[in-house]
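Thanks for coming, everyone. I have one structure to walk through today. Please have a look at it before I start.

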Amino acid sequence: MSLLSITDLTVHLPTGAGIVHAVNGVSFAIAEGETVGLIGESGCGKSTLGRALLRLSPVTRGGIELDGQDITHLNQRDLTTVRPKIQMIFQDNAGALNPRHSVGKSIGQPLRLAGWSAKDAKRRVHDLLVQVGLPETAYDRYPNEFSGGQRQRIGIARAIALNPKLIVCDEPVSALDPSVRAQIINLLNDLQARLGISYLFISHDLAVVEHIADRVVVMYLGQIMEQGARDTFWKQPLHPYTRALLAAVPSADPDAVRVKSVLQGELPSNLNLPAGCPFQARCPMATQQCREETPALRRAGSGNDVACHLVAPDTGATASHTVKETDRCPAP
Ligand code: SF4
């Protein structure tokens, strides 16, 4: 059974310039202990989707089911009973921590709000500091005394304090140096192995997602373009947008396919969505059908679900999508 199931999730945000169509009819699920990577360019709606799961962004249409419970329209009081199950780790860990609160107070706050005694909360925070690789002496210190990587460890300790089932990780390592990034990824993997947590890992860093995710979902203009399991996704990307994104990432896997494809132009405004395929304005293979009909997300022969008129649902690819050896981008 899925831990999280979202169906036709739609988030439209009114602004002074009009209605931002941030998320448009997205459906996918996350199993217990699974990591789903959510990728796409800045502004594609992935962070808004993550915030909607925690009900931090308003849901316009569709449903969110967490651990068998429909949480789409829970009021604030009922949400407090759900919040321990789903937590968030932010990119800006400095902004997420109150600089006037000690580390002990910041990590212990969700425990105290959940009714833990001061004594039990303190004991739990000491245990959490050890779990995330920080000294217990960090308890009485303040966020500005720590490096970016250490502050991210504090954020992770706070996120796992109440034993969540799912953590939405919103670009959690994007601001970190590569060596520190690897340490935080290893910590997340270790915590998942020990605690069975599921992650929705939002990132524009495809190399990191390739390393951590069991499944990958690609978003463009608030819609899913392609999704698939680790084994098929990286080796047989079929959607032109996925292939353009992956073309920029060198791979050390000799079997991985990296077609030469350059992403042209900018992400269009999501104030006025185009008719037909959302990717048509930047797609080198767009046809008249693409301008008139929105492609449905269908299972292709590769095992991935793909939203493209040119990808046949039974065989996975047409001649125009056949990947040639000569198209492969060599690893550096
Ligand atoms: Fe390109 Fe058409 Fe496929 Fe959209 S549906 S990705 S425009 S070929």
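Let me begin with Phe279. Phe279 counts as buried, because its relative accessibility is 2%, and the cut-off for buried is under 20%. Keep in mind that this is a predicted model.

So what does Phe279 pair with? The structure holds four aromatic pairs. One of them joins Phe279 to Tyr220. A pair of aromatic rings is described by the distance of the centres and the angle of the planes. For Tyr220 and Phe279, the centres are 5.1 Å apart and the planes make an angle of 85 degrees. That makes the pair edge-to-face.

Where do the two partners sit in the chain? Tyr220 belongs to strand β9, residues 215-220, while Phe279 lies in the loop between α10 and α11. They are 59 residues apart, so the pair links distant parts of the chain.

Tyr220 is buried too, because its relative accessibility is 0%. A further ring joins in: Tyr220, Tyr241 and Phe279 make up one aromatic cluster.

Stay with that loop. Arg282 is also found there, between α10, residues 240-247, and α11, residues 288-292. Is Arg282 buried or exposed? Arg282 is buried, because its relative accessible area is 8%.

Which residues does Arg282 touch, leaving aside neighbours within four places in sequence? Tyr220 from the aromatic pair is one of its contacts. Glu41 is another. The remaining contacts are Leu263, Gln264, Gly265, Glu266, Leu267 and Pro268.

Now the ligand. Where does the ligand sit? It sits in the largest cavity. There are 13 residues around the ligand. Those that come nearest are Cys277, Cys283, Cys290, Cys308 and His309. What is the make-up of the shell? Ten of its residues are nonpolar, three are polar and none is charged.

Next, helix α1, residues 46-53. Six of its eight residues are buried, so α1 is largely enclosed by the rest of the structure. Which six are they? Lys46, Thr48, Leu49, Gly50, Ala52 and Leu53. Please note that a lysine, Lys46, is on that list of buried residues. Right after α1 comes Arg55, with a positive phi near 60 degrees.

That brings me to backbone angles elsewhere. Asp8 has a positive phi, near 50 degrees, and Asp8 is not a glycine. Asp8 lies in strand β1. Asp8 counts as partly exposed, because its relative accessibility is 30%.

Glu171 also has a positive phi near 50 degrees, again in a residue other than glycine. Where is Glu171? Look in the loop between β7, residues 166-170, and α7, residues 178-195. Glu171 is buried, because its relative accessible area is 9%.

Back to strand β1 for one last residue. Pro14 is placed in β1, residues 2-15. Is Pro14 buried or exposed? Pro14 counts as exposed, because its relative accessibility is 67%. How far is Pro14 from Glu226, C-alpha to C-alpha? The separation is 27 Å, and the two are 212 residues apart along the chain.

To recap. Tyr220 and Phe279 form an edge-to-face pair. Arg282 is buried and shares their story through its contact with Tyr220. The ligand sits in the largest cavity, with no charged residues in its shell. That is all from me.

Notes
Residues numbered from 1 in each chain as written. Predicted model: local features only at pLDDT ≥ 70, side-chain atom pairs only at ≥ 80, totals over all residues. Heavy atoms only, no water. Helix = DSSP H or I, 4+ residues; strand = E, 2+ residues; numbered from the N terminus. Buried < 20%, exposed > 50% of the residue type's maximum accessible area, 1.4 Å probe, protein only. Contact = heavy atoms within 4.5 Å. Near = heavy atom within 4 Å. 1 Å grid on protein atoms, 1.4 Å probe; cavity = no way out; pocket = protein on both sides within 12 Å on 5 of 7 lines; lining within 4 Å. Sits in = over half its atoms within 2 Å of the grid points. Nonpolar A, V, L, I, M, F, W, Y, C, P; charged D, E, K, R; others polar. Phe/Tyr/Trp six-rings, centres within 6.5 Å; stacked < 30°, edge-to-face > 60°.
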